[in-house]
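Let's take a friendly walk through this model, from its overall build to a few side-chain contacts. Please keep the viewer open as you read.

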Amino acid sequence: MADLGAGEILIIVLVLVVLFGSKKLPDMARSIGRSLRVFKAETGKLREDDDEPRARSLEEQARLLEEQAARLRAQAPQS
């Protein structure tokens, strides 16, 4: 990312104040903060979902598959 000095940041702030007005800037900053907070929470949940299957051992995965197979066999119609 580009290195921004104090002068560049001051120019950006002044342009934002001129474009949007000083009354709307706090509302915009608040809504951006809320959006980032929601985004961070959702990406955290996705990471937890992705990590969960890898945390199980192969033996545990095999046991779960055997249990699912047994349930399916019990539900299947007898012929």
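Is Lys45 buried, partly exposed or exposed, judging by its relative accessible area? Lys45 has a relative accessible area of 47%, so this residue counts as partly exposed. Keep in mind that this is a predicted model.

## Overall build

The protein chain folds into three helices and zero strands. Read from the N terminus, its elements run α-α-α.

The chain has 79 residues, and 0% of them count as buried. A residue would need a relative accessible area under 20% to be called buried. The accessible surface of the chain is about 7,600 Å², and carbon and sulfur atoms make up 62% of that area.

## Helix 1 and a nonpolar patch

Helix 1 covers residues 6-20. Does its length fit what its residue count predicts, or does it depart from it? With 15 residues at 1.5 Å each, helix 1 should span 21 Å, because the expected span is 1.5 Å times one less than the number of residues. The end C-alpha atoms of helix 1 are 21 Å apart, so the two values agree. Just after this helix comes Gly21, which takes a positive phi of about 85°.

Have a look at the nonpolar side chains too. A surface patch of about 860 Å² is built from Leu4, Ile9, Ile11, Ile12, Val13, Val15, Leu16, Val17, Leu19 and Phe20. One of these patch residues is Val13, which lies in helix 1. Val13 has a relative accessible area of 41%, so it is partly exposed. That value also fits its place in the patch, because patch residues need over 30% relative accessible area.

## Salt bridges in helix 2

How many salt bridges does a search of the whole structure find? The search finds three.

One of them joins the side chains of Arg30 and Asp27, with N to O at 2.9 Å. Both residues sit in helix 2, which runs over residues 25-55. Arg30 and Asp27 are three residues apart, so about one helical turn separates them. Arg30 is partly exposed at 42% relative accessibility, and Asp27 is partly exposed at 45%.

Lys45, the residue from our opening question, forms a salt bridge with Glu42. Their closest N and O atoms are 3.8 Å apart, and a salt bridge needs the nitrogen within 4 Å of a carboxyl oxygen, so the pair qualifies. Lys45 and Glu42 both belong to helix 2 and are three residues apart, about one turn of the helix. Glu42 has a relative accessibility of 42% and counts as partly exposed.

## A salt bridge in helix 3

Which side chain meets Arg63 in a salt bridge? The partner is Glu67, at 2.8 Å from N to O. Both residues lie in helix 3, which takes in residues 58-75. Here the spacing is four residues, again about one turn of the helix.

As for exposure, Arg63 has a relative accessible area of 39% and is partly exposed. Glu67 is also partly exposed, with a relative accessible area of 35%.

Note on methods
Residues numbered from 1 in each chain as written. Predicted model: local features only at pLDDT ≥ 70, side-chain atom pairs only at ≥ 80, totals over all residues. Heavy atoms only, no water. Helix = DSSP H or I, 4+ residues; strand = E, 2+ residues; numbered from the N terminus. Buried < 20%, exposed > 50% of the residue type's maximum accessible area, 1.4 Å probe, protein only. Areas by Shrake-Rupley, 256 points an atom, 1.4 Å probe, with all protein chains shown as cover. Patch = residues over 30% accessible without salt bridge, like charges linked within 9 Å, V, L, I, M, F, W, Y side chains within 5 Å.
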